[in-house]
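Please load the model in your viewer and keep a selection panel at hand, as this tour moves from one selection to the next.

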Amino acid sequence: MTAPAVTAARAPAAGTGLLRAVATKVLSAVVVLFFVATAAFFLVRLSGDPVKLILPPDATAEQEATLRASLGLDRPLIAQYLDYLAGLPRLDLGNSLVYDQPVADVLLTRVPATVELAAAALAVALVIAIPAGTFAALRRGRAGDSGVMAGVLVGQSMPAFWVGILLILVFAVRLQWLPASGYGGISHLVLPAITLALYSVAVIARLLRSSLIDVLGSDFIRTARAKGLGTGGVVFGHSLRNASLPVVTVIGLEVGTLLGGAILTERVFSWPGIGRLTVEAIANRDFPLVQAAVLFFAATFVVVNLLVDLSYTVLDPRVRVK
Amino acid sequence: MPGSRTHLSRRDALRLGGLAVPAFALAGCAGASAGSHGGLLRVAQSADPKTLDPHKQGDMTSMNVLINVFDTLTTRGADNTLAPGLATAWESPDPLTWRFHLRPGVRFHNGEPCDARAVEFSIDRLLDPATKSPIVELRYVTKATAVDELTVDLHTSQPDPIIPAKVSLFGGVVVPPRYLAEVGDAGFARHPVGTGPFTFVDFQRDHQLRLRANPSHWRGAPAVRELVFLPMPDPSSALASLQSDEVDLVANLTPDAALQIEGYRGVSIRNHPGIRTSYLSLDTTDGPLADVRVRRALNHAVDVPLLIEAVLDGKAREVPTMIPRESFGFDPAVTPFTRDVGLAKRLLAEAGYPDGFDTTLTAQATDANTAEAISGLLARAGVRARVSLLDPGTYSGRLTSDNRRALGPMYLAASTGWTLDGQSLVQSNVRHDRRQSRWTSAEADRLVDAEELTIPPAQRQRAFTELQQLLKREAPFVFLYQIDTIYAVNDRPRWEPGVVGVLAMASATVPA
């Protein structure tokens, strides 16, 4: 995972090397997005005819033909594709077939809720996973380690729709502390953020544990201990930062997943996010909206990966340009 | 040491961060259960309206919201009969014209008058292909013309006896021409203006849609002061929201979802007669189903009352054919098939299938329970129907495809004939040339033509009576049930839905 960043950053000339590395990344991102856009365009059209879903079953064939023509879906596929490509640089992603609104508008109104939930879930995940992973690494092979790891595994194994309903039943229905669903103040955020975080907790905590165990066994830690440094100093002063490299990569991927993969959580909590919008768009065969959503997810992953690569130069002096 | 200082402060920051999460959570608790909400009615249904432009939607979920903002030319009274809406009277001066006399003095929420010109504009806008309207009922209407300020004619290309019923929902909505010219289609969809009992306040898609009572509505101000629609795709969490007092009414529940909440204090399940009618379509072109004795056998084998009791928790009513009781054309003299497995077996043996036969029953995945139960009932008579489940998109694509066998020999279908006229139930699947028809009968074609093309109700009723007798005799379908409208409420709202089940909340009351 880390290889490209390391090679790129190790390019000889200092500032220009980094610039060139970033430029290469951006260029390859554009190529990736082009292929994603193309794949999305053709794949979504395999799902069937949107007109069949927009019209009730008792529409006549003539009524279908009229609507198909006014939506431009009767034109040759290649003409539709070229139009779509031409619109991309201008961020003109077309009109939603169902909402009759520019898809960019439909999508952008969902971004705040999606980002809010992803950020909250990530915060919850880190707050639980970092202490849990660290604790488990220090208690390696002992009861504490097994207990914590079993705990996060249980969290990971429970499906979001079930955890969500369970949390709703306890905290909203029984205790009436928090709202059961919907979007609004911070109180609405708590239950979905916890539900969504549980999966990431396990991923991050387990990786941090193994990464920390590696670091704790290395020579410089033995030296640090030999100097008489206590556990706290060893962990916080020397180990965590060194163990964080793979963890940061995974957190980056988790951010991508949290931004796009909250479909079940969004459904259970009636959260107005992009995941739910995308599922509805797929069910409605709303081609332009599905295309735009796929591009959004792809772009999110590309940007997050770029940021992860750049973060290495901050975290690991060896990667930093000399 | 400077190094350890940084570490300490980082740790402090972490610790503070850790404390902040529960603190925020506790801060949020105060807002969770709202105290008083006098005059407020919060209604949850499975989704938001697709658009707020009434001409650009054709589904009941959207109509459920828009019927509160817009009025239609006709409407349904408490007894489900056609009643005056924006039109006070209507007649058919000749077979190709329907004349509507409009209610004087009605104004849109922006003050614009709702007159014959507005109706003319609305109908023509709906028919214009550029509007891309999914509303299909006005297929024979060619144009509308204002005769005078309060009289408007709808012209049709062929006689259409049920135009007044067809303008009681979707196609009957009247929109403001001047406002549309000012703000354009997109502006209108963002902030709709109608004549209805509620005015639009705001809409955040997938979050909430708020409406406020229109004090100058021609029927008088509704009792509900603020009406909020909440989209809740998951019935379990919608019902949880009802229990935690975030919603007052959860609409359109399935019987099994309703069962989840039965017995909880402060929450009750209401079911009212509905008209969504289910049946099995049989491919009568060849194979065992080409034999009328086999088709009758299937009708005798599927024990509909048992199906209703066991799978639908009793929340449905058996129908003799596919025309529900409340629809024009229903003839109570036509009775449901007797349920008799022995008779079914005898009929199958007579037709040459003493050991039954193998077939497929296709259904939407959402109807899995019903389909499995029907398959089980058929098995008692020896008919082994393998259940094949499809996602709704694939199902509806095949239902309306040119290949009439795309859904296999037998499929489970349902139809909501909101016009409350038998025509809506038989228009796509009985006459041999219609797209969902899998049966050829010259007699049926003649009767469908008679009810579709003659205006006088008495003649149409005769055609429907004969058609139902023929349907029962020839059994080109397995007739099932009309399902109830089911919703859950807390103890605040009082509301009686009509048989169509549309969420018109002008008649609802909540404590002030």
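Begin by selecting helix H15 of chain A, residues 287-315, which gives the most to the nonpolar patch, with three residues; helices here are DSSP runs of H or I with at least four residues, numbered from the N terminus. Add A:Leu18, A:Val303, A:Leu307 and A:Leu310, and you have the nonpolar surface patch itself, of about 330 Å², with A:Val303 found in helix H15 of chain A. Patches of this kind are made of residues with over 30% relative accessible area and no salt bridge, nonpolar side chains (Val, Leu, Ile, Met, Phe, Trp, Tyr) being joined within 5 Å, and the accessible areas come from the Shrake-Rupley method with a 1.4 Å probe, only the protein chains shown counting as cover for residues.

A word on conventions: this is a predicted model, in which local features need pLDDT of at least 70 and side-chain atom pairs count only at pLDDT 80 or more, while totals for chains, interfaces and linings use all residues. Residues are numbered from 1 along each chain as its sequence is written, chains are lettered from A and ligands numbered from 1 in the order in which they are written, and side-chain values use heavy atoms, with hydrogens and water left out.

Next, select A:Asp49 and A:Arg68, whose side chains meet in a salt bridge at 2.6 Å, N to O (a side-chain nitrogen of Lys or Arg within 4 Å of a carboxyl oxygen of Asp or Glu). A:Asp49 lies in the loop between helix H2 (14-44) and helix H3 (50-54) of chain A, and A:Arg68 in helix H4 (residues 61-70) of chain A, so the pair ties together parts that are 19 residues apart in sequence.

Now turn to the interface, where 45 residues of chain B are in contact with 45 residues of chain A, contact meaning heavy atoms within 4.5 Å. Six salt bridges are found across this interface of chain B and chain A, and to see a salt bridge between side chains of the two chains, select B:Lys56 and A:Asp100 (2.7 Å, N to O). Finish on helix H1 (2-32) of chain B, which gives the most to the side of chain B that touches chain A, with eight residues.

How values were computed: Helix = DSSP H or I, 4+ residues; strand = E, 2+ residues; numbered from the N terminus. Patch = residues over 30% accessible without salt bridge, like charges linked within 9 Å, V, L, I, M, F, W, Y side chains within 5 Å.
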